[in-house]
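Visitor: I'm new to reading protein structures, and I'd like to know what stands behind the words people use. Could you take me through this one?

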Amino acid sequence: MPELPEVEILVRHLRPALRGKTIREITVHRERVIRPTTVRALKQALRGATFTGVTRRGKFLLFALRRKRKPFTLLGHLGMTGRMYLQPAKEPPPRHAAVVLGLGKENFIYEDPRYFGRLTLDTHTLDQLGPEPLGKKFSLGYFGAGLASSSQPIKHRLLDQKFIAGIGNIYASEAMFLAGVPPRRAGKKLRMDYGVRLHRAIRHVLKEAIRCGSTIPLDWRGGKGGDGLFYYGTAPGAGEFYEERLNVYDKAGQPCPVCKTIIRRIVQAGRSTYYCHKCQR
Ligand SMILES: [Zn+2]
């Protein structure tokens, strides 16, 4: 599932590709992904609108558009399995195309086999998002206070988008490993020095992933059966490049890269956490 770094890389890729392009046609194959916007409202807003930019907030893509001099935002989210990319208009859209925007010679494709993602005019969810972990508002003071007031396991806290925007299973596991923090420990029971380490580790793993993903040639359409996003290590030419950089995520049963203890997988709130019980006590 794409998290902050993957979305950031995608945004950087789409921004120059979309800027200045005007939407001529709108086809919605899955109405579910545009809710609560209706097909009619979406078509009315988008037809003739021009892309002026693409930015990111948490795991959301914000497409800045302008129509008749009025700026507005189209909100995108990849969900579990979504992809967004441009393809030549003469090629048929993929089987799981949820929304196709005709831009003339190219189509913007939002493809999603499971339809958990979004492409909508409703931007209300943004109001509830916590600070960006790489931004100034995510200070040590903010983070420490947010942990100290919480009896939830730290892992749950890190995934709470209202507390910090953009972190998911992969980078939560990786940051807790780097900081030596046990995933089940309650936030308020974490020692201050470990809070400092975790704060630093969160920024580190996210920055590293963005830096790393920016250097890999990516196949955005996920041809050849792969997803094409770097965190799965399936981009042609990328090999296992990124996966090798992950220390614990999805490595249950393998030795910890630091102490060789076997990495464990536990399920917290229905989602997997990977950790080394020796390094993270
Ligand atoms: Zn270890």
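**Asking what the words rest on**

Guide: Let's start with Phe163, which has 21 other C-beta atoms within 10 Å and is buried. Keep in mind that this is a predicted model.

Visitor: What makes Phe163 count as buried?

Guide: The cut-off is 20 or more other C-beta atoms within 10 Å. Phe163 has 21, so it passes. Phe163 sits in the loop between helix H4 (154–159) and helix H5 (169–179).

Visitor: Which residues is Phe163 in contact with, leaving aside its neighbours within four places in sequence?

Guide: Those are Gly130, Gly146 and Arg157. To count as a contact, the C-beta atoms of two residues have to lie within 7 Å. Phe163 also shows how the chain folds back: Glu132 is 31 residues away in sequence, yet the two C-alpha atoms are 9.4 Å apart in space.

Visitor: How do you know that Leu101 is buried?

Guide: Same test! Leu101 has 27 C-beta neighbours inside 10 Å, and the bar is 20, so Leu101 counts as buried. This residue belongs to strand S6 (residues 97–102). Beyond its neighbours within four places in sequence, Leu101 is in contact with Ile23, Ile26, Leu46, Asn107 and Phe108. Arg47 is 54 residues from Leu101 in sequence, with 9.2 Å between their C-alpha atoms.

Visitor: What share of the protein chain is buried?

Guide: Buried residues are 40% of the 281 residues. The protein chain has seven helices and ten strands.

Visitor: Why are S1 and S5 called edge strands?

Guide: They belong to an open sheet of four strands, in the order S1-S6-S7-S5, with antiparallel pairing. Strand S1 (25–28) and strand S5 (83–88) each have a single partner strand, so one side of each has no neighbour in the sheet. From one strand to the next, the twist averages 20°.

Visitor: What makes S5 and S7 a pair?

Guide: A pair needs at least two bridges. S5 and strand S7 (residues 106–111) have six, and they run antiparallel, so they qualify. Within that pairing, Leu86 stands opposite Phe108 in S7. Helix H2 (residues 39–46) packs on this sheet, where it touches S1 and S6, and its direction makes about 160° with that of S1.

Visitor: Which strands make up the other open sheet?

Guide: Its order is S2-S3-S4-S8, four strands with antiparallel pairing. The edges here are S2 and strand S8 (118–120), each of which pairs on one side only.

Visitor: How do you know that S2 and S3 pair?

Guide: Count the bridges: strand S2 (residues 50–57) and strand S3 (residues 60–67) are joined by seven. The requirement is at least two, so that is a pair. One of the matches is Thr55 with Leu62 in S3. The two strands form a hairpin with two residues between them, where Gly58 takes a positive phi near 60°.

Visitor: What about strand S4 (residues 70–77) and S8: how many bridges do they have?

Guide: Three, in the antiparallel sense, so the two-bridge requirement is met. Gly76 stands opposite Leu119 in S8. Helix H1 packs on this sheet, touching S2 and S3, and its direction makes about 170° with that of S2.

Visitor: How do you know that the length of H1 agrees with what a helix should span?

Guide: At 1.5 Å a residue, its 15 residues should span 21 Å, and the end C-alpha atoms are 20 Å apart, so the two values agree. Just after H1, Gly20 has a positive phi of about 85°.

Visitor: What do the buried residues of H1 pack against?

Guide: They pack against S2, S3, S5, S7 and H6. Among the buried ones are Leu10, Val11, Leu14 and Leu18.

Visitor: How do H1 and H6 cross?

Guide: The axes of helix H1 (residues 4–18) and helix H6 (residues 192–213) come within 9 Å and cross at roughly 35°. The crossing is right-handed. On the H1 side, Leu4, Pro5, Glu6, Glu8 and Ile9 take part, and they meet Leu206, Ala209, Ile210 and Gly213 in H6.

Visitor: What kinds of residues are those?

Guide: Six are nonpolar, one is polar and two are charged. Gly counts as polar here.

Notes
Residues numbered from 1 in each chain as written. Predicted model: local features only at pLDDT ≥ 70, side-chain atom pairs only at ≥ 80, totals over all residues. Buried ≥ 20, exposed ≤ 12 C-beta atoms within 10 Å, placed from the backbone. Axes fitted to C-alpha atoms, helices over the stretch in contact; angles between N-to-C directions. Left-handed = near helix turned anticlockwise from the far one by under 90°. Expected span 1.5 Å × (residues − 1).
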